[in-house]
Amino acid sequence: MLFDLNRTPAATLRQEAHTLGKLALPMMVAQIAQVATGFVDTVMAGHVSTDDLAAVSLGSSVFITVYVTLMGIASAMNPILSQQVGRGDTHQIGATARQGLWFGLILGVLGMLLMLAIQPLLRLWLDLPASVEDKAMLFITGSAMGMPAAILHRALYAFSSSLNHTRPIMLVSICGLLLNIPLNYALIHGLAGLPALGGAGCGWATGMVMWFNAAALFAVIKYQQAYQPYGLTGGFSWPQWQRFPAFIKLGLPIGLSFFVEVSLFSFIALLVAKLGTTVVATHQAVLNFSSVIYMIPQSIGVALTIRVGQRVGAGDYRGARTVCGVGLAMGVALACLTMVWVLLGREGIMRTYSSDPAVITLGMSLMLFAAFYQLTDAMQTIASAALRGYKITTMPMVIHIVSFWLVGLGLGALLGLSHLPLPGLSLPMGVHGFWLALVISLSLAGLLLVSYLSRESRRRLHRQTA
């Protein structure tokens, strides 16, 4: 086996699986709740009109691209804090986390400014009705207002999860989701004296929920006794600028990895915009559902980053390698279940998003692609997260760039939009060509990252024992 699990006692494997599951489950619920705000946006906008659904599709593509990229950079705090926990550096954890908050705030403000500045360029690219473009830009403006809070929340998330306290993250995220629903409804339809913004109201609701999440998680950390020994809220520190280059060195490759992955989906959304409103709306619906179930391997990955980081910090490289193998096995098993679920339930899933027969029919065909990439997407997500626990971030970034941009985006544009004569294929394939390229690119990334993780974890183990 790749990770020598056959040489590890069964009791150890069960214990590690239980520990990973206990750590991952609250984060899975939390991350599904956070992504479910996008699901709620998509469903509520889809039942207003197809134009509103298309506007939310375009606006959320921009928001998610910026948010996930900055979240990746801020997630450098997870391996840093986890390794401090593994070493037992209790007195340093709070001070490091305070600098992480400053780092997150700066990133969030930069993200907000970028989202506001990019809107004129988007208008030049898009060729959609003016009403759709206006709603999309208003969605982007509203969600941009919440970006500083969103990245602050991720810094707090890293602090709490690195200490194995994941239940508060889950509870705050569930509350945020429950708040998002009435805010959406009020801003879409103009209740209680609020303007009727249509689908664009979902963006403003998202921004408000981001501020709620950050404030609520900070309050929990400040007042819960379990966090007090680490002193995050027990003092004040100005930014220590000399520490930020180390955060950037570790976090920038993670952020770029996240960016190339999410931009693959977002750029496809922009490219298929030229194929019409129905295609845009359907692509968004299938992509949104895929992003919800993606939170299953993503949460295992975050738990793996923490567990590997703690083992590495304690100098236990054999234990770190075992954790990697157990995490991958769990992720693959769950991916098989989600694959079957999508295959069997795709019509019902699409009817949740829209009552438009054209959207449902096209969406059912795209759901086939979404089902088949569950396995390899889980593999690449979990393997890259485990590598972050080792503080290995550059090579995963390179693998993601090659797999997602060169293969996924390049091949997608070729299959989806070009008229080149290729034997056995009738081009252009439209949106189906893009989704076929997605399956190929995610499979390539999964195979490369698992192989690299196996090699690097073995090399560090041998170096320790030499």
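This report describes the internal cavities, salt bridges, selected residues and a nonpolar surface patch of a predicted model.

## Internal cavities

Across the whole structure, a search finds 6 cavities of 30 Å³ or more, and the largest cavity holds about 900 Å³ of space. Its lining is made by 41 residues, and those that lie nearest the centre of the largest cavity are Val-35, Ile-64, Val-68, Ser-291 and Met-295. Several helices give two or more residues to this lining, namely H1 (10-46), H2 (50-74), H7 (147-162), H8 (167-189), H9 (201-223), H10 (244-271) and H11.

## Salt bridges

The structure holds 8 salt bridges. In one of them Glu-16 is paired with Arg-311, with 2.9 Å between the closest N and O atoms. This pair links distant parts of the chain, since Glu-16 belongs to helix H1 and Arg-311 to helix H11, and their positions lie 295 residues apart in the numbering. The two partners are covered to unlike degrees: Glu-16 is buried, with a relative accessible area of 5%, whereas Arg-311 counts as partly exposed at 21% relative accessibility.

A second salt bridge joins Glu-347 to Arg-351, where the closest N and O atoms are 3.1 Å apart. Both residues lie in helix H12 (residues 317-353), and because they are 4 residues apart there, about one helical turn separates Glu-347 from Arg-351. Glu-347 is partly exposed, with a relative accessible area of 37%, and Arg-351 is also partly exposed, with a value of 48%. Beyond single pairs, salt bridges that share partners join Glu-16, Arg-307, Arg-311 and Asp-316 into one network.

The side chains of Arg-455 and Glu-456 also meet in a salt bridge, with an N to O distance of 3.3 Å. Within this pair, Glu-456 counts as buried because its relative accessibility is 4%, which falls under the 20% limit.

## Buried polar residues and their contacts

Asp-52 is found in helix H2, one of the helices that give two or more residues to the lining of the largest cavity. With a relative accessible area of 3%, Asp-52 is buried. Once neighbours within four places in sequence are left aside, Asp-52 is in contact with Ala-45, Lys-135, Gly-198 and Gly-199. Of these partners, Gly-198 is 146 residues away from Asp-52 in sequence, yet the C-alpha atoms of the two residues are 6.8 Å apart in space.

Gln-310 lies in helix H11 (residues 277-313), the helix that also holds Arg-311 of the salt bridge with Glu-16. Gln-310 counts as buried at 10% relative accessibility. Apart from neighbours within four places in sequence, the contacts of Gln-310 are Ser-82, Val-85, Gly-86, Ser-162 and Asn-164.

## Loop residues

Asn-164, one of the residues in contact with Gln-310, lies in the loop between H7 and H8. Although Asn-164 is not a glycine, its phi is positive, at about 70°. Asn-164 is partly exposed, with a relative accessible area of 40%.

A positive phi is also found at Lys-391, a residue other than glycine, where the value is near 65°. Lys-391 lies in the loop between helix H14 (374-389) and H15, and with a relative accessible area of 38% Lys-391 is partly exposed. Leu-420 lies in the loop between helix H15 (394-417) and helix H16 (431-465). The relative accessible area of Leu-420 is 48%, so that this residue is partly exposed. When residues up to four places away in sequence are not counted, Leu-420 touches Leu-414 and Leu-427.

## A nonpolar surface patch

Seven side chains, those of Ile-106, Val-109, Leu-110, Leu-113, Leu-116, Met-145 and Trp-241, make a nonpolar surface patch of about 610 Å². Among these residues, Leu-113 lies in helix H4 (residues 90-117). Leu-113 is partly exposed because its relative accessible area is 48%, a value between the 20% and 50% limits of that class.

Technical notes:
Residues numbered from 1 in each chain as written. Predicted model: local features only at pLDDT ≥ 70, side-chain atom pairs only at ≥ 80, totals over all residues. Heavy atoms only, no water. Patch = residues over 30% accessible without salt bridge, like charges linked within 9 Å, V, L, I, M, F, W, Y side chains within 5 Å. Areas by Shrake-Rupley, 256 points an atom, 1.4 Å probe, with all protein chains shown as cover. Salt bridge = Lys/Arg side-chain N within 4 Å of Asp/Glu carboxyl O. Buried < 20%, exposed > 50% of the residue type's maximum accessible area, 1.4 Å probe, protein only. Contact = heavy atoms within 4.5 Å. 1 Å grid on protein atoms, 1.4 Å probe; cavity = no way out; pocket = protein on both sides within 12 Å on 5 of 7 lines; lining within 4 Å. Points joined across faces, edges and corners; volume = space filled by probe spheres on them.
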